[in-house]
Amino acid sequence: MSKPLVIIGAGGHASVLTEILLTEGRKIIAVVSPEIIMDSSPLAGMNRLMTDEALLATYSPEQVELVNGMGAIPGNDMHFRLFNYFSEKGYHFISVISPDAIVSKCARLADGVQIMAGAIVQTNASVSMNCIVNSGAIIEHDCCIGAHNHIAPNATLSGGVITENQVHVGTGANVIQGIKIDEQAIIGAGCTIVRDVPKKQVIVPARSRILR
């Protein structure tokens with residue numbers, strides 16, 4: 001039997017996840033947010049915990065499962081840090097897969113993966129823990145996506161692409177087949193990547209210049 005859920009975060013990303021979960025009939029018993037939740041949010045009216053410490057004091061890992069509602073943007077590692085913090089304390093993060101996504105039965109998804117509406121994950125692809133495959137993104141066959149990645153809306157990873165941990169592939173970016181993107185690299189929105197990307201490098205679309 002599924003445990004009730006606590007969502008960490010109450011911004012736009014958390015709201016999208018909440019709508020998916022409510023459609024699936026999952027029970028959400030609390031949201032962690034220090035800020036007031038807007039009346040227009042699907043999280044409005046839910047029990048609000050002000051801090052992470054309040055979550056720890058109120059619900060044990062045996063009572064609830066968690067949803068990582070923090071978005072993942074370059075320069076902000078909160079999505080990554082929250083996952084590790086609560087995982088180390090014994091909590092389990094569920095995966096959230098939109099009914100409007102297409103995921104091959106032969107794809108492999110780890111804990112805490114989030115596959116949003118319109119995304120496609122093809123056969124023999126693997127997506128590691130705490131990744132976001134955002135709206136309309138495409139993960140082609142035999143890709144291997146490292147932990148804590150964000151594949152942003154409408155990005156396309158062609159067959160056999162490998163990304164290491166904490167990679168960000170920006171909105172509308174395209175990565176051709178067989179490319180490797182090393183850990184903590186950032187691929188800017190709209191880039192086309194035709195060669196391997198070293199660790200921690202930032203690529204922007206204007207001639208795909210390396211910034212660091």
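Which residue in strand 12 is the bridge partner of Val121? In this predicted model, the bridge partner of Val121 is Ile139. The pairing belongs to strand 9, which covers residues 120-121 and runs parallel to strand 12, with two bridges between them. Strand 12 itself spans residues 138-139.

Both strands are part of an open sheet of six strands. The strand order is 6-9-12-15-18-21, and the pairing is parallel. At the edges of this sheet are strand 6 (102-103) and strand 21 (192-193), each of which pairs on one side only. Strands of a sheet pair through backbone hydrogen bonds, in either the parallel or the antiparallel sense.

Ile138 is the residue at which strand 12 begins. With a relative accessible area of 23%, Ile138 is classed as partly exposed, because the buried class requires a value under 20%. Beyond residues up to four places away in sequence, Ile138 touches Ile120, Ala155, Thr156 and Leu157. Of these partners, Ile120 lies in strand 9. The C-alpha atom of Ile138 is separated by 8.6 Å from that of Ile151, a residue 13 places away along the chain.

Ile139 is a member of the largest nonpolar core, which comprises 30 residues. Ile139 is also listed among the residues with the most contacts inside this core, together with Leu157, Val169, Val175, Ile181, Ile187 and Ile193. When neighbours within four places in sequence are left aside, Val169 is in contact with Leu157, Val175, Ile181 and Ile187. The contacts of Val169 also include His150, Ile151, Ala152 and Ala155. Apart from the largest core lies another, of 15 residues, including Leu17, Ile20, Val31 and Leu43. In soluble globular proteins, nonpolar side chains tend to be buried together.

Aromatic contacts were examined next. Three aromatic pairs are found in a search of the whole structure. One of them joins Tyr85 and Phe86, with a centre-to-centre distance of 5.0 Å and an angle of 85° between the planes. This pair is edge-to-face, since the angle exceeds the 60 degrees that this class requires. The two residues fall into separate accessibility classes: Tyr85 is partly exposed at a relative accessible area of 28%, whereas Phe86 is buried at 0%. Tyr85 and Phe86 form one aromatic cluster with Tyr91.

Conventions: Residues are numbered from 1 along each chain as its sequence is written. This is a predicted model: local features need pLDDT of at least 70, side-chain atom pairs count only at pLDDT 80 or more; totals for chains, interfaces and linings use all residues. Side-chain values use heavy atoms; hydrogens and water are left out. Helices (H or I, at least four residues) and strands (E, at least two) are DSSP runs, numbered from the N terminus. Buried means under 20% relative accessible area, exposed over 50%, partly exposed in between (1.4 Å probe, protein chains only). Contact means heavy atoms within 4.5 Å. A nonpolar core is a set of buried Ala, Val, Leu, Ile, Met, Phe, Trp, Tyr and Cys residues joined through side-chain atoms within 4.5 Å. Two strands pair if DSSP finds at least two bridges between them. Rings of Phe, Tyr and Trp (its six-membered ring) pair if their centres lie within 6.5 Å; planes under 30 degrees apart count as stacked, over 60 as edge-to-face and the rest as tilted.
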